[in-house]
Amino acid sequence: MVGDRVYHPTMLIETYGSPKLVSGKIGQGIKLNGNRQVVDFGEHQTSCLGNLDHCHHGVLFGLWFNPATFRDNMYFASTGKNGITISNTGSRMNVTAATSTREWTVSTEVLSYNNWYFLEASWDPEKGLELYINDFLVGSDDSPKKRTVSLATGIYASSQENKFYLGRGNTGMTSTSFGNAMYDELEYWYGPRDYLIAFGYIQRGMVLTSFQHVLS
């Protein structure tokens with residue numbers, strides 16, 4: 001991290017609100033305090049990185065995650081309006097995957113404050129959404145609800161609402177909606193979890209050790 005930018009060889013990653021690097025799960029992580037601190041990966045709505053309409057084979061979004069608190073309706077991550085969103089309702093952690101026509105949702109109460117968890121959201125356009133915590137499947141949704149989005153709202157337009165964020169969502173933000181947590185070892189793979197394991201792209205087991213950095 002240099003100044004307000006997180007170094008990446010091919011992507012511009014900016015931060016707002018002066019978040020700090022801290023001791024993470026593996027090496028350094030980043031801490032967002034819930035007071036409008038955000039990591040901004042930019043707008044990628046024309047690719048799978050920021051729009052699930054372009055993810056024909058599915059995706060796996062994973063990271064080490066350490067929540068500091070759950071104020072109601074906080075947003076911890078969002079890859080875009082048509083993407084993966086991590087938020088909470090009371091003590092329940094909610095993960096959604098949304099395309100322009102369908103939406104899947106999984107929620108869990110497994111998480112508690114000030115503990116590290118390896119969270120994986122695996123989405124397959126045919127099989128739906130699965131949520132894994134520390135290598136255990138804690139919930140799934142294979143029956144999406146229909147999603148009706150008016151093109152007049154600009155879902156496909158380049159805008160702040162289509163950005164990939166840590167620490168905030170893409171819509172409905174208030175001063176108390178910013179996520180308060182630490183983040184480490186972010187992964188985004190262009191394929192669902194079972195496929196990636198079967199073909200040796202990732203290794204998962206009872207003991208999680210090291211992970212590849214795959215954002216490109």
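I looked up Ser18 and found it partly exposed at a relative accessible area of 44% (buried means under 20%, exposed over 50%, partly exposed in between, with a 1.4 Å probe and protein chains only). The model is predicted: local features need pLDDT of at least 70 and side-chain atom pairs 80 or more, while totals for chains, interfaces and linings use all residues. Residues are numbered from 1 along each chain as its sequence is written, and side-chain values use heavy atoms, without hydrogens and water.

I noted that Ser18, not a glycine, has a positive phi of about 60°. I placed Ser18 in the loop between strand 2 (13-16) and strand 3 (20-23); strands are DSSP E runs of at least two residues, helices H or I runs of at least four, numbered from the N terminus.

I then turned to Glu185, which has a positive phi of about 55° and is not a glycine either. Glu185 lies in strand 16 (residues 180-189) and is buried at 12% relative accessibility.

Next I looked at the second largest pocket, an open set of points on a 1 Å grid over the protein atoms alone where a 1.4 Å probe fits, with protein on both sides within 12 Å along at least five of seven lines. I recorded 13 lining residues, with Lys81, Thr85, Glu103, Arg147 and Thr171 nearest the centre of this pocket; lining residues have an atom within 4 Å of a point. Strand 7 (75-78) and strand 9 (92-98) are the elements that give two or more residues to this lining.
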